[in-house]
Amino acid sequence: MKDMSLQVIGAGLARTGTTSLKLALERLLRRPVYHWREMISRPEHVRAWHEAVHGRPPAWSELLEPYGAAVSVPASAFWRELADANPEALIILSTRDDPERWWESLNGTLLTRFRLPAAPESPMARAADMATDLWQSRIGAGDINDKKAMIAAYERHNEAVRAHAAPERLLDWRPSDGWEPIATRLGVPVPETPFPWENTRAQFRAQTA
């Protein structure tokens, strides 16, 4: 039977190049990669992640089959559990060069979207409720609209990954690093095509306008 476990666990939070990382990993692994976008179209997944936030995790292998990797929130908030469930997986911590710029990007995209009026039972409303609980209880942000609290939570999260992930499993990566560090750690050739730069702030706004 083919091993369908995760090959990569993305520990980086949202707006750290995770959409580009998703596309890059799909090219390198030749398998689909789980991301917020995959979750948002599956109400049962939103419920499963919300249950996990409240201490009732799913069977990870069932939830994430047939994905080869999981990146961004909500998966990155559960990187330890996913690492334990997939002991051979590479852990990629994606970060931004500047925490201030990270906040500006998050606040100008996802958080802005969460603030828009939505029907109480709509997919976006349910996802926003789950994400708010996740940022508060799993990432320790408190108020997701508080810049100082969010930046502090972002930095604590990144330092916790660096401190607790096994060094031989961890790749500390920024989008500007491109293909080479990822391909090298996965033992696959570096693609000759340009690295996929996707989901910039302008692209996000155009998609959700």
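**A walk from the core to the cavity**

Let's begin in the interior of this predicted model. Its largest nonpolar core brings together 51 residues, and those with the most contacts inside it are Trp-36, Trp-49, Leu-134, Trp-135 and Met-150. Helix H8, spanning residues 123–138, supplies the largest share of this core, with seven residues. Such a gathering fits a general pattern: in soluble globular proteins, nonpolar side chains tend to be buried together.

Trp-135 is a good place to pause. Leaving aside residues up to four places away in sequence, Trp-135 touches Leu-13, Val-73, Trp-102, Leu-106, Gly-140, Ala-141, Gly-142, Ile-144 and Met-150. Another core lies apart from the largest one; it has 17 residues, including Val-33, Leu-171, Trp-173 and Ile-182.

Now turn to the sheet. Five strands make up an open sheet, and if you step across it you meet them in the order E2-E3-E1-E4-E5, with parallel pairing. Strand E2 (33–34) and strand E5 (170–173) are at the edges; each has a single partner strand, so one side of each is left without a neighbour in the sheet. As a reminder, strands of a sheet pair through backbone hydrogen bonds, either parallel or antiparallel. Further in, strand E1 (residues 8–10) runs parallel to strand E4 (residues 90–94), and three bridges join this pair. If you want a spot to zoom in on, Ile-9 stands opposite Ile-91 in E4.

Which helices pack on this sheet? Helix H9 (residues 147–164) does, touching E4 and E5, and its direction makes about 150 degrees with that of E4. Helix H10 (residues 179–186) packs on the sheet as well, where it touches E1, E4 and E5; the direction of H10 makes about 170 degrees with that of E5.

Finally, let's look for empty space. Rolling a probe the size of a water molecule over the atoms shows where such space is left. The second largest pocket has a volume of about 150 Å³. Its lining consists of Ala-77, Trp-79, Arg-80, Glu-81, Arg-138, Ile-139, Arg-156, His-157 and Ala-160. Helix H5 (79–85) and H9 are the elements that give two or more residues to this lining, and H9 is the helix we just saw touching E4 and E5.

How many cavities of 30 Å³ or more are there? The count comes to one. The largest cavity holds about 50 Å³ of space, and the residues lining it are Met-4, Ser-5, Leu-6, Trp-60, Ser-61, Leu-64, Glu-65, Tyr-67, Leu-82 and Asn-86.

Terms used: Residues are numbered from 1 along each chain as its sequence is written. This is a predicted model: local features need pLDDT of at least 70, side-chain atom pairs count only at pLDDT 80 or more; totals for chains, interfaces and linings use all residues. Side-chain values use heavy atoms; hydrogens and water are left out. Two strands pair if DSSP finds at least two bridges between them. Helices (H or I, at least four residues) and strands (E, at least two) are DSSP runs, numbered from the N terminus. Contact means heavy atoms within 4.5 Å. Axes are lines fitted to C-alpha atoms, for helices over the stretch in contact, and angles run from 0 to 180 degrees between N-to-C directions. A nonpolar core is a set of buried Ala, Val, Leu, Ile, Met, Phe, Trp, Tyr and Cys residues joined through side-chain atoms within 4.5 Å. Buried means under 20% relative accessible area, exposed over 50%, partly exposed in between (1.4 Å probe, protein chains only). On a 1 Å grid over the protein atoms alone, a cavity is a set of points where a 1.4 Å probe fits but cannot get out, and a pocket is an open set with protein on both sides within 12 Å along at least five of seven lines; lining residues have an atom within 4 Å of a point. Grid points are joined across faces, edges and corners, and a volume is the space filled by probe spheres set on the points.
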